[in-house]
Amino acid sequence: MKLLFSGLGMLLGTLFVAQTKDTVKSKEIEAVTIIAKKATVESKADRTIFNVANSSILAGNTSWEILQMTPLVSIDNNDVMKAEGENVTVYINDRKSIFTGKDLKEYLKTIPAENLMKIEVITSPSAKYETTGEVINIVLKKLTNEGFKGSFTANNTQNAKNSQYSNLNINYHKSNFTQSFSGSYGDNTRISKNENENFFYDTNLLTKILTEGEERGKSPSFSSSSELELNDKNTVGLIVEFSQYNRNAFSNALGNTTLNNILQSSYIQNQNLEGFNRNLGNNLFYKYYDKEKNKILDLNLGFNYDSTVDTNNRILTNSDSPIPTGSSILANNENREYYLKADYSQPLGKAENQSQLEFGGKIDFRNNAIPYDYLNLSNNAFVFDALRSNNFHYQENLNSLYINFSKTYFKKLETRVGLRYEYINFKIKQDVGNIARTDSYGVLLPNLLLKYSFSDNYNLSATYNHYLFRPYYSEFNPFLLPSDDGTFYRGNIDIQPNPSDRIGLKLGLFKKYFLSANYSFTNQDFWNTYLKEDGKTISQPVNFDGKSLRYSLNFNTNQTFFKNKLNVNLNVGLDYNDVSDFNQKNNLNRQNYFTNFNASSNFSYTNLFNKDINVNAFFTLFTPNNGNSFSNKPSVFHNISATKIFKDLGLEGTLRLINPFRKLSFDQTTFAPIGTFRNRTEVDYHGFSIAIVKRFGNQKVKESTKTDVEKESGGGKN
């Protein structure tokens, strides 16, 4: 892009000289430098790129907050992340994260947004990615200028309660050695409010549950990245990451059961949790990179560890019994992962007719131990219950191989064909009842990408991907866990994976307008359903048979105005879902066809009034429909921020309004054969924050070339 603009600049300069040759013969043109600023959002055949480096939205935020503002991405009340309504796998610098859900949220909250370079939403991932759907790749900045560089961030957020966050970044680069260190500490308080309505078909009983809770968390963390260039082709490095989340949670639930609006019974449950999560990851990598021949060999050896230590007490008082019941569950869970990964790529053929070959593989071992000690409340004291205490074990070996072949024909038709093979062997065991399962299977996962450029202003892309969504280890665990609202949850040891397919078309116009259409389908799925057992209402993942068809249409554009000072991005999506066969085969009494509307926009203005003030506004609206759960109304997330830059002092100050016009809320109904289960959640994400960033050291930025980006994208892959 820079070369193109430089060439245009030289051409314009030549034309200018030619036209004025007769009148200004002796005038010299010294140099023309035209700098092209990257668009905030770029749309490519297989991905959408959110360029956030040096953006005003980073000040005082964490990576989790920036993900909430990323185009195409939505996050529901259970912290489940989706892109274009599809499941996603999160990568950091092309290294797969081992965390999902709330664990992923807490981990990303320890990564300051200051470290972000861009976020790639890869809607059609190649066979290289180990994924069950789409991919979100978080790319962090890398220091290339000499000497020390750093920043300190302090953030104070006022939602229902006050929270603080601070971070220190230190980077050092000298000759062929680079060292980066980041340490952060958060002290956060969150208020939650849930309303549940559970209606049972057989009895016509309606249970309404109101739950209010508070969670206080303190989260220290640090990360270190060391890289040594042995010579111009060989590099070794080590990445170490650690985070901890100490938490105290309190909640009170009030439940009422009625029949024809006549009260039948009620209960009150009080919950108190103390504990912490601890995460440790490290990755040792070696990279061979031949710039002239564009050959890359990337080897990675890694170990990840996470643990949970909790004491969770609940006391339940029923209206029809004067004696309270309760439980205390002590958890001491440990999860370990060991892996070895190799990736290789090189061009094939002559330069004018060149193709690209990429292949690799991974060996991955996981060993998860989840013990629970169960204690019953008796005479106002908790007594150990050997029959309900349990140890759950999950062991997994996942081996994979992949190959991608890319080639351009006629200088217009770009192609990529990929095939991934995965073979998994896993063992599940529960000590109580001696319940066990051993299983293994292999699967082929093909993908295809075609892109035809009619001209510089018109191109059309077609993609195909076959996915397999595997259950997370905790979804196998059959241990019956009480929920904070008085209901229960357990996993399903017999649950099976879910295959799905996706076909997509994307039309690009004038490099600014992109229209995409997608079709995805599955003949089997697994979602949480509800059942009644011994008077308990239990949520559990269950396999569902039946076709589920989804058609979607999305439009995206990125525009700049006022000499590139104002940047506007707009995303609009429409989904049409056909679940008639799915409903009929699973006896679900809900709509057979429904439509979702999703939209997001981002406005940023740089150097307002020429006073070094940057303004940013973000808005998104989405309907989180999943399988047998239907959204009753869209969720709205928005914020407005202004950043003042004090260049001489190396300071930035940011004021951010968080959902100022409407609190973030979710409203969904889950349809099960036994009834309907509605949940309304109000998220404590409403208020304002003030952030101060102090920069120090050598803040000059070295511009990355295309080959630099290719080289830096491999270190630490997983």
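Hi everyone, let me start with one residue: phenylalanine 514 touches Ser43, Lys506, Leu507, Gly508, Asn554, Phe555 and Asn556, leaving aside residues up to four places away in sequence. Contact here means heavy atoms within 4.5 Å. A word on the source: this is a predicted model, where local features need pLDDT of at least 70 and side-chain atom pairs count only at pLDDT 80 or more, while totals for chains, interfaces and linings use all residues. Residues are numbered from 1 along each chain as its sequence is written, and side-chain values use heavy atoms, with hydrogens and water left out.

Back to phenylalanine 514. You will find phenylalanine 514 in strand 26 (residues 513-533); strands (E, at least two residues) and helices (H or I, at least four) are DSSP runs numbered from the N terminus. Is phenylalanine 514 buried or exposed? With a relative accessible area of 13%, phenylalanine 514 is buried. The cut-offs are under 20% for buried, over 50% for exposed and partly exposed in between, using a 1.4 Å probe and protein chains only. Its partner serine 43 is 471 residues away in sequence, yet the two C-alpha atoms are 7.2 Å apart in space.

Now to the aromatic rings. There are 30 aromatic pairs in total, where rings of Phe, Tyr and Trp (its six-membered ring) pair if their centres lie within 6.5 Å, and planes under 30 degrees apart count as stacked, over 60 as edge-to-face and the rest as tilted. Take phenylalanine 544 and phenylalanine 582: their ring centres are 5.5 Å apart and the planes meet at 45°, so this pair is tilted. Phenylalanine 544 belongs to strand 27 (residues 536-561) and phenylalanine 582 to helix 4 (residues 580-585), so the pair ties together parts 38 residues apart in sequence. Both of these phenylalanines, 544 and 582, are buried. Elsewhere, ring pairs join Tyr394, Phe426, Tyr472, Tyr473 and Phe476 into a cluster.

Rings also have charges over them. Arginine 388 lies over the face of tyrosine 374, 4.1 Å from the ring centre, and the charged end of lysine 644 sits over the ring of phenylalanine 646, 5.5 Å from its centre. The rule asks for NZ of Lys or CZ of Arg within 6 Å of the ring centre and within 35 degrees of the ring normal.

Next, the spaces. On a 1 Å grid over the protein atoms alone, a cavity is a set of points where a 1.4 Å probe fits but cannot get out, a pocket is an open set with protein on both sides within 12 Å along at least five of seven lines, and lining residues have an atom within 4 Å of a point. The second largest pocket holds about 740 Å³, a volume being the space filled by probe spheres set on the points, which are joined across faces, edges and corners. Which residues come closest to its centre? Of the 31 lining residues, they are Leu316, Gly486, Phe488, Gly535 and Lys536.

As for cavities, the whole structure has seven of 30 Å³ or more. The second largest cavity has a volume of about 230 Å³, and Glu65, Asn155, Thr157, Tyr165 and Arg190 lie nearest its centre among 19 lining residues.

Last stop, a backbone detail. Asparagine 261, in the loop between strand 13 (234-259) and strand 14, has a positive phi near 65°. At 75% relative accessibility, asparagine 261 is exposed. Thanks for listening!
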